[in-house]
Amino acid sequence: MARKKIRSATTLAIREAIPVRAGDGALAPNERKLNFGDRWSYAPAPEQSDYIRVRPRYQLFIDGKFRAPHSGRYFDSINPANETKLAEIAQADAHDVDLAVRAARRAHRKVWSGLPGRERGKFLYRIARLLQEKAGELAVLESMDGGKTIRESRDIDLPLVAAHFFYYAGWADKLPYAFPGRVPCSLGVAAQIIPWNFPLLMAAWKLAPALAAGNTCVLKPAETTSITALHLAEILQEAELPEGVVNIVTGAGDTGQALVEHDDVDKIAFTGSTAVGKLLTRAVAGTRKKLTLELGGKAANIIFEDAPIDQAVEGIISGIYFNQGHVCCAGSRLLVQEGVFPAVIRKLRDRISTLRVGDPLDKNTDIGAINSRMQLDKICELVESGLQQGAELVQPRMRLPEKGYWYPPSFFTGVTASHRIAQEEIFGPVLSVMTFRTPEEAIERANNTPYGLSAGVWTDKGSKIFKVVSKLRAGVVWANTYNKFDPTSPFGGYRESGFGREGGLHGLLPYLSLS
Ligand code: NDP
């Protein structure tokens, strides 16, 4: 009942872009306004998907084999773009989790921990090459299962997935050089719990460094996006990775909880919400289990008056609308210096009206489907709170597909620091815009959040970049760009965004003990 109310309220809230006040957004003499109008429509350009083999049912991957769940229960995986059932996924219970952890322990003791680093590296290289070979198919599956656009899964997710395996393959036989004067030793069994926003990429972020460091793994994908992890399991079989080195248990939060609470787990790596991250912290307190958390964020993307405004607007777009805004480091709080506020707002309003929302498998789509009904409801509820608290919503007028879960690219003006939309992670294509006058005020506003994952700075002054960046409390700061990822570069946060780093040399540390 409550859900229905929220959705209809937000549908009503879809309105034309707010009018720009007289004089505010007037074009500068040397500025041109692009007219995208109806003349710029695109013909459909769907990625071929008829060759994709989605199995009717996916089993658990334990000890190198696919096996039915102990409970005999399965849940549906839905295509969020059309609400049709894609497949049934096995629901692992505590018994299955126990089998997976035992298999991982055996594999660690008998095979993996004793294997020379160069041999472990060979397996990782083989996995990376197989991922590259199957990248097209995996990208389509990722888009079908999670709703992300094919452009992003094909050009960003999959290349990064392979790059992570390649990168950590290179470290496998060089651990003593990575930590000179220390003796690195694997921890044992790593329990890895991942979210739905970058399913295969998060699996790669977790598995590649753990395996390179000599650990064995039990991976728990998110309930809504398990399919590509199970195709990865087939790749692991093809690469002849020894049995039990990687195990994949699918299921909901209960499965993750059983994994975290298992006595024989040495390390837990989690990416997801801050709320679950706190539960995990409590669960491991007083145990020997090591923990790293990569949680949410509410990143400030700061635009100074001297920034190249057109590039900055593109940075704002990729900062918040990339992957439907389902990005923990999304630039979801835009801080604009007052002098350029009208121009930035006008350009942003024009630009979002050119974004194409729709079929994730169409190569021209900019914004795909929201991952689940639950996430759509959460976005709608937060947008509603923004309206209730007096912020002004800007949304382009667009027709959304009838079936599926969709949300148009949107931004709020008139936001104050106390609004929920300025404090809480919306995790959708909704931006909160605020202004500032001085660099000091920008820094203060940017740091006024319980999170500390990422930030962006746009200015043409290098010295200003260094000055501002040194005062921002964020694990990753991009300057004159946004949402750029590389396996060699560490990623992680402070405060409620978690602790520990993934990527780069730093990403090996949580999986090693150094003596
Ligand atoms: P969760 O934190 O619930 O999910 C992340 C992973 O943890 C999933 O695999 C989930 O399983 C699992 N999980 C859930 N409960 C437990 C538990 N008690 N013990 C162990 N594992 C558990 O995120 P949601 O999917 O519920 O998303 C909610 C919000 O979290 C989003 O709106 C967004 O704001 C934020 N989020 C942040 C992410 C980030 O990258 N920082 C990623 C995803 C979400 P399952 O999903 O199968 O239930």
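**Buried cysteines and the ligand shell**

Cys380 is buried, with a relative accessibility of 4%. In this predicted model, Cys328 is buried as well, at a relative accessible area of 11%. The structure contains zero disulfides. For Cys328, the nearest cysteine sulfur belongs to Cys329 and lies 4.8 Å away, whereas a disulfide requires the two sulfur atoms to be within 2.5 Å; Cys328 is therefore in no disulfide.

The ligand is surrounded by 28 residues, of which Trp196, Lys220, Glu223, Ser273 and Lys378 come nearest. By residue class, the shell around the ligand comprises 14 nonpolar, 10 polar and four charged residues.

Several N or O atoms of the protein lie within 3.5 Å of N or O atoms of the ligand, among them atoms of Lys378, Gln375 and Gln257. Lys378 places a polar side-chain atom 2.7 Å from a ligand oxygen atom. A polar side-chain atom of Gln375 is found 2.9 Å from an oxygen atom of the ligand. At Gln257 the contact involves the backbone: an N or O atom there is 3.5 Å from a nitrogen atom of the ligand. On its own the ligand has 850 Å² of accessible area, and the protein covers 87% of this.

Two or more residues of the shell are contributed by each of helix 9 (253-261), strand 10 (267-271), helix 10 (274-284) and helix 13 (373-388).

Definitions and conventions
Residues numbered from 1 in each chain as written. Predicted model: local features only at pLDDT ≥ 70, side-chain atom pairs only at ≥ 80, totals over all residues. Heavy atoms only, no water. Near = heavy atom within 4 Å. Polar contact = N/O pair within 3.5 Å; in protein donor to acceptor, adjacent residues only side chain to side chain. Areas by Shrake-Rupley, 256 points an atom, 1.4 Å probe, with all protein chains shown as cover. Helix = DSSP H or I, 4+ residues; strand = E, 2+ residues; numbered from the N terminus. Nonpolar A, V, L, I, M, F, W, Y, C, P; charged D, E, K, R; others polar. Buried < 20%, exposed > 50% of the residue type's maximum accessible area, 1.4 Å probe, protein only.
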